[in-house]
Amino acid sequence: MSTAGEAIQDHDHDHEHHDHKATGVTRWLFTTNHKDIGSLYLWFSFIMFLVGGAMAMVIRAELFQPGLQLVDPHFFNQMTTVHGLIMVFGAVMPAFTGLANWMIPMMIGAPDMALPRMNNWSFWILPFAFAILLGSLFMEGGGPAFGWTFYAPLSTTYSSDSTALFVFSVHIMGISSIMGAINVIVTIMNMRAPGMSYMKMPLFVWTWFITAFLLIAVMPVLAGAVTMVLTDKYFGTSFFDAAGGGDPVMFQHIFWFFGHPEVYIMILPSFGIISAIIPAFTRKPLFGYASMVYATAAIAVLSFLVWAHHMFTTGMPVFAELFFMYCTMLIAVPTGVKIFNWVATMWRGSMTFETPMLFALAFVILFTIGGFSGLMLAITPVDFQYHDTYFVVAHFHYVLVTGAIFSIMAAAYYWLPKWTGNMYDETLAKWHFWLSLISVNVLFFPMHFAGLAGMPRRIPDYALQFADINQIVSIGGFAFGLTQLMFLWIVIKCCRGGEKALAKPWDGAEGLEWTVPSPAPYHTFETPPEIK
Amino acid sequence: MKTRLILALTALFSSSALAESQLNLTRGVTDISSRVYDLHMTIFYICCVIGVVVFGAMFWSMFVHRRSKGAKPATFHENVKVEIVWTVVPFLILIGMAIPATTTLIAMEDTSDADVTVQVTGSQWKWHYKYFDNEVEYFSLLATRQDQINNRLDKGENYLLEVDRPLVVPTGQKIRFLITSDDVIHSWWVPDFAVKKDANPGFINEAWTRIDEPGIYRGQCAELCGKDHGFMPVVVIAKEPAEYEEWIAAEEERQLKAKEEEQRLMSMEMSMDELMDLGESVYLGSCAACHQANGEGVPGVFPALKGSDMALNDIPAHIDVVVNGASGTAMQAFGNQLSLRELAAVITYERNAWGNDTGERVQAADVNEYMNQ
Ligand code: HEM
Ligand SMILES: [Cu+2]
Ligand SMILES: [Cu+2]
């Protein structure tokens with residue numbers, strides 16, 4: 001994607017004379033162009049995906065056999081923690097922000113994001129955040145080792161000194177996300193082309209709009225949580241220390257008040273992507289547009305009422321357990337509506353199966369499987385058995401990897417022709433898809449069984465009855481990890497050249513982004529399009 | 001090639017080892033655990049049915065409504081009736097599911113009228129059990145040898161799921177657990193009882209069980225509690241009530257004797273060899289998890305004792321930190337975990353092992369004197 005910009009220069013477009021952009025590294029450092037910033041975000045997130053993936057490989061290598069082989073338990077805990085943090089804050093969230101940057105202005109007929117300088121800033125602080133986080137691994141005592149959920153007092157009294165760096169880096173990530181979210185909201189509210197009413201916006205824009213509000217609501221809560229951890233550890237407060245009148249369980253309430261909406265932050269934009277791709281390749285309008293919008297809003301509201309389903313074993317009063325169980329079950333209803341809508345969109349369509357569609361279909365099936373295990377986890381009495389086992393690890397990887405990540409890959413294949421002006425290599429891409437699909441299930445499906453049989457999560461070594469399952473899982477893990485290098489190659493190849501893409505390479509696709517040439521010129525919609 | 005792959009896969013899946021390993025939740029050995037199992041299977045089957053319907057419709061369209069088969073796209077994009085149906089029907093299914101879940105949950109949380117009460121305290125990385133109705137309490141530590149973990153010895157059948165002193169409880173009686181922690185959060189979990197409850201420092205959680213069958217039940221700590229979270233199993237032995245009474249009486253007697261013996265032995269001097277032998281075994285059992293067997297600790301997390309100023313020069317401070325711990329750190333107070341002789345031995349050991357050759361002996365009487373100051 002970095003070459004996308006260069007490619008534009010050798011083309012002759014109407015907008016060519018506006019392309020006064022710097023060259024070399026300053027172009028990227030000082031850019032305020034939404035497409036450049038989108039590319040930066042996307043590349044950054046892909047690098048983070050590989051870094052976090054490398055850590056997953058360390059985890060899976062250690063768990064390949066019972067016994068301790070490669071790493072000591074303290075380092076193992078650092079790997080799981082940093083893997084989780086990097087994947088959530090470094091891979092998934094920046095990828096969505098990158099897609100938002102590239103696509104939202106083009107989808108609503110705006111020339112750029114509303115706050116372009118802030119846009120530059122919100123990206124460029126991210127590399128520092130992750131450099132700090134990764135650097136802390138090399139400190140004496142190691143990096144964060146308390147899980148991505150950093151429960152107190154493990155993260156306060158009992159953590160190593162790198163905790164201050166962890167707190168600092170999470171603050172930077174949070175600031176970046178909030179700035180990105182403000183930008184999305186201001187852009188959508190003010191910069192829609194004439195005639196683009198709210199109920200005409202593409203669903204990707206809608207879902208991001210709602211996601212941005214979630215971000216603004218909960219990132220400050222995360223900032224509060226890490227700050228309290230900081231002061232408890234270094235400045236003698238006792239928010240989470242019973243000896244000083246605090247309560248360690250309060251930490252979990254605060255964390256999950258952020259954490260549950262956070263998981264929807266990582267999936268709502270996916271819903272938008274899938275709602276764009278499925279109609280395009282079924283050549284039929286999306287079924288139930290309005291109900292999709294309402295369902296997204298309902299999910300967003302409910303997501304503030306279910307946080308304690310992560311805390312059923314902490315010893316809450318029964319009525320609280322019941323309340324959170326009911327709310328959690330309720331959230332399955334709007335989620336179900338979405339899935340039914342996608343299936344109804346496919347019904348009596350005229351389907352073809354290019355790679356974006358393959359990833360989108362895999363998303364629908366595998367995300368639904370993740371939803372099923374989520375429904376099972378909602379049943380409190382049974383959650384006592386599932387909680388903190390590999391069943392949960394299976395559950396959230398189905399929604400995050402085959403959910404969020406698959407939708408991001410679908411989006412990348414779908415819009416790569418628009419970004420680069422070239423078609424990606426369809427044969428390689430199909431290989432990438434099928435290998436990913438098979439390996440990801442070998443990787444994550446057996447984890448359900450390990451969890452049901454009683455294997456706790458976050459352990460570097462396990463009892464012998466889990467040995468076979470873990471071996472299969474690890475093989476799937478290595479295969480999935482390697483397969484993603486193919487994706488890197490496919491994207492690089494597509495940036496470098498290939499069959500030239502039409503302005504609208506997918507005959508069934510709808511939306512303003514397909515009305516501009518491919519690759520999209522550096523500046524688009526300087527005069528707003530008219531929407532009937 | 002393809003067939004070979006399939007053959008290999010089937011071989012893998014039908015291998016006797018895999019057939020033996022459990023793939024589903026246990027039904028357990030209590031009424032509650034069996035109700036939990038039934039709930040689990042019910043919700044699982046509901047998901048299967050919904051899955052068959054949804055994925056069935058999806059695959060049907062994928063095969064029938066594809067362009068290569070000449071399918072022409074329809075244009076419908078709304079249908080209020082259908083949309084109401086697929087909002088209301090799932091809602092009703094969920095209500096059907098919520099009812100048994102609610103009754104089970106209420107039963108699980110009813111800890112009243114217990115016959116036996118045990119306090120369960122987690123600390124890095126062991127469990128402590130204290131019986132309320134008898135003068136019995138003890139620690140329960142992982143019994144798997146370090147050599148097995150480091151792959152120098154073959155792993156035993158109950159690798160990582162075995163402890164030196166299991167919790168012993170009677171069958172057929174309501175046992176109440178009061179669960180808490182001395183340091184970070186742990187979680188006490190025995191799948192066969194469907195009991196998993198967090199141990200929160202400074203707070204007490206309640207849980208209960210009534211076990212139908214005598215037997216040995218194994219579980220693990222379920223909440224990340226630091227480096228050796230994976231190495232603090234739970235083992236519970238359920239005995240017939242009569243046998244249990246016998247056991248607890250004998251145990252009470254034994255603990256009383258041990259205290260008397262301790263008083264008697266206090267005046268006895270131990271030789272350097274005796275102290276070092278006992279000290280080494282105590283050190284490996286209680287201290288090496290943090291300070292490491294070679295005394296070098298984990299830099300930045302657990303201090304080295306090898307060459308430490310305290311271990312070389314300052315006996316009173318050394319006794320103090322081992323007896324009382326260092327508050328606000330992972331260094332626990334061992335004063336009530338180890339006997340006076342063990343304390344003396346482990347302190348002596350730390351002052352003379354790994355080249356800390358001070359030649360000084362610390363006796364039980366010294367520790368006792370310090371504790372009584
Ligand atoms: C490359 C493939 C991946 C593999 C092989 C993998 C493997 C694992 C494993 C084995 C664990 C559990 C560690 C443990 O509990 O001991 C884990 C935890 C986790 N993974 Fe992944 N993962 C992958 C990709 C991802 C992605 C893409 C995401 C997010 C989008 C993700 C998010 C997480 C999170 C949040 C945790 C929890 C960390 C914690 O317990 O604190 N993973 N991963
Ligand atoms: Cu949640
Ligand atoms: Cu633990």
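1. A residue counts as buried when its relative accessible area is under 20%, and because B:Cys221 has a relative accessibility of 1%, it falls in that class. The model in which this value was computed is a predicted one, which should be kept in mind for the points below.

2. B:Cys221 contributes its SG atom to the copper ion (ligand 3), whose other donors are B:Glu223 through O, B:Cys225 through SG and B:His229 through ND1, at 2.1 to 2.4 Å. Along the sequence these donor residues follow the spacing C-x1-E-x1-C-x3-H. B:His229, with a relative accessible area of 2%, is buried.

3. The geometry at the copper ion (ligand 3) deserves care: the angles subtended by its four donor atoms run from 83 to 127°, and the arrangement is therefore irregular. The reason lies in the lower end of that range, since a tetrahedral assignment requires all angles to lie between 85 and 135 degrees.

4. The copper ion (ligand 2) is coordinated by A:His260 through ND1 and by A:His309 and A:His310, each through NE2, at 1.6 to 2.0 Å. The sequence spacing of these donor residues is H-x48-H-H, and A:His309, at 12% relative accessibility, counts as buried.

5. In chain A, the axes of helix H3 (residues 34–62) and helix H4 (residues 73–108) come within 7 Å and cross at roughly 160°, so that H3(A) and H4(A) are roughly antiparallel to each other. Their crossing is left-handed, and the contact of H3(A) with H4(A) has 23 nonpolar, twelve polar and two charged residues.

Definitions and conventions
Residues numbered from 1 in each chain as written. Chains lettered and ligands numbered in written order. Predicted model: local features only at pLDDT ≥ 70, side-chain atom pairs only at ≥ 80, totals over all residues. Heavy atoms only, no water. Donors = N, O, S within 2.8 Å, 3.2 Å for Na, K, Ca; no water. Tetrahedral: all angles 85-135°; square planar, octahedral: opposite > 155°, others 65-115°. Buried < 20%, exposed > 50% of the residue type's maximum accessible area, 1.4 Å probe, protein only. Axes fitted to C-alpha atoms, helices over the stretch in contact; angles between N-to-C directions. Helix = DSSP H or I, 4+ residues; strand = E, 2+ residues; numbered from the N terminus. Parallel < 35°, antiparallel > 145°, perpendicular 65-115°, else oblique. Left-handed = near helix turned anticlockwise from the far one by under 90°. Nonpolar A, V, L, I, M, F, W, Y, C, P; charged D, E, K, R; others polar.
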